[in-house]
Amino acid sequence: MSRFERLAAAAEPKPFWLLDAPPPRRSLRGARACSLAVIGGGFSGLWTALLAKERYPERSVVLLEGNRIGWAATGRNGGFCEASLTHGEDNGLARFPAEFDVLQRLGAENLDAIEASVRRYGIDCDFERTGALSVATSEYQVSSLREAGGMFLDTDAVRAEVDSPTYLAGLWDTEGCAIIHPAKLAWGLAAACERLGVRIYERTPATGLASSAEGVLIRTRNGVVAARKAALGTSAFPSLIRRLRPYTVPVYDYVLVTSPLSAAQLASIGWRNRQGIGDSGHQFHYYRLTADNRILFGGHDAIYHFGRAIRSGYDQRPATFAKLASHFFETFPQLEDVSFTHRWGGAIDTCSRFCAFFGTAHHGHVAYALGYTGLGVGASRFGARVMLDLLSGSRTELTSLEMVRRKPIPFPPEPLAYLGIQATRWSLAQADRNSGRRNLWLRTLDAAGLGYDS
Ligand SMILES: Cc1cc2nc3c(=O)[nH]c(=O)nc-3n(C[C@H](O)[C@H](O)[C@H](O)COP(=O)(O)OP(=O)(O)OC[C@H]3O[C@@H](n4cnc5c(N)ncnc54)[C@H](O)[C@@H]3O)c2cc1C
């Protein structure tokens, strides 16, 4: 075993964020009727239920979660709550040039509204509006950061913020990102939902969805819900609407968390402004401080398993953890005494345009939002608003957006999906080795508006 394999293996194989989960709520038994049924107890479903009750306090809302609130991507992510609705500016500009400014404004309003809700409902989720620091670790990345506009930091300036020998430059977006404890946000949203009257059932997978005279019928293992409308926030899991399944693939992303840094260890890297940090490679890392000054360090590998498979066994991947450990010590050699305490992975709902898509089914009685591709912590609240607008049947600013009206290109069936994704992953790694130069395969995908990311 290498040193990095040993260090990663010593960590507990569970998500740090989910350690203090509240006791489970009861599961659904028997029949229920409601105005709105929400399926999925991650950020998508929780924001939908909360905003529905804020909009229509008199309407009854039921939320069905197949496992536990926030157990999936919502309780496993890096906790970067970003304003961007489009998986970053470059992707938004490339895909929606005509409405990019509107999407940026809506994204900034969305992040402000999340902060306001956290305050209004008194949710203790370690919300820190630190902004985000993008760093260049290869020469070719420096110019794109310089050209991006915003607060460009040269080598000395970026290392004065956070001292890594790998940094060549940085771009600090002081407004567009907060770091949060994602599971505490999810649990706090669930509690706020219940205070407004939402009935939440955990360990209640919805097994079927059908049209009915009054709206829709949702079957569960031991019950049934008759709802006027339904909203689906089921992310990377197989959609209850079969025709949506080709639009996303589950992509596994992995994270390590260190023990809390001592004051001296923290001082050795600076990081006084506590920004969320991301590097600028195709296979990028993201890292941030927790409230008790651990470092969460994740990203790089984005693993797809043949046949869109999702298995609890995939949450652990020793080879990726060892790689992350080695990259961590390259980034912060000053922290050679630091150990890792937790390691985990989780499935991301990747779509080929990297940002969410939306729509309705069952004669407008069901709405869905899917495909956040690794940047759904903030954007899922926007997606919740879109679903409620779609269900209202009215034309609104959100339902008029091209981003809402247009769908991404679906992934092909197997074995093409698997082969295509492996070729793309290989090409992205090559591009990182070749000063960012994209090979013919990536340029062909770019021209077709297709991509693979986490
Ligand atoms: C390791 C990792 C790091 C990430 N880092 C970031 C980050 O820093 N910033 C960021 O913005 N995003 C990040 N993401 C992505 C982000 O976590 C997701 O975009 C976001 O949490 C999606 O929320 P969701 O509610 O759509 O999905 P989920 O949290 O996956 O929730 C879906 C829920 O639906 C339930 N469900 C599915 N099917 C059914 C059914 N039939 N019946 C009942 N329930 C069902 C599931 O049990 C699950 O709880 C990361 C993701 C991972 C895995």
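A polar contact is a pair of N or O atoms within 3.5 Å, and this cut-off serves the exercises below, which concern a predicted model.

**Exercise 1.** Determine which residue caps the N-terminal end of helix α13, and describe what follows this helix.

Solution. Begin at helix α13, which covers residues 440–448, and look at Asn 439, where a side-chain oxygen lies 3.2 Å from the backbone nitrogen of Trp 441. That distance is within 3.5 Å, and Asn 439 is the residue that caps the N-terminal end of the helix. Then move past α13 to Gly 449, whose phi is positive, near 75°.

**Exercise 2.** Find which backbone atoms lie 2.9 Å from a nitrogen or an oxygen atom of the ligand, and state how much of the ligand the protein buries.

Solution. First, a backbone N or O atom of Phe 80 lies 2.9 Å from a ligand nitrogen. Next, a backbone N or O atom of Val 377 lies 2.9 Å from a ligand oxygen. Finally, the ligand taken alone exposes 1,000 Å², of which the protein buries 96%. The surrounding shell comprises 16 nonpolar, 16 polar and three charged residues.

**Exercise 3.** Decide whether His 300 and Ser 435 count as buried or partly exposed.

Solution. Start with His 300, which sits in the loop between β15 and β16 and has a positive phi of about 75° although it is not a glycine. Its relative accessibility is 19%, and because buried means under 20%, His 300 counts as buried. Turn then to Ser 435, in the loop between α12 and α13, whose phi is also positive, near 50°. At 41% relative accessibility, Ser 435 counts as partly exposed.

Conventions
Residues numbered from 1 in each chain as written. Predicted model: local features only at pLDDT ≥ 70, side-chain atom pairs only at ≥ 80, totals over all residues. Heavy atoms only, no water. Polar contact = N/O pair within 3.5 Å; in protein donor to acceptor, adjacent residues only side chain to side chain. Helix = DSSP H or I, 4+ residues; strand = E, 2+ residues; numbered from the N terminus. Areas by Shrake-Rupley, 256 points an atom, 1.4 Å probe, with all protein chains shown as cover. Nonpolar A, V, L, I, M, F, W, Y, C, P; charged D, E, K, R; others polar. Buried < 20%, exposed > 50% of the residue type's maximum accessible area, 1.4 Å probe, protein only.
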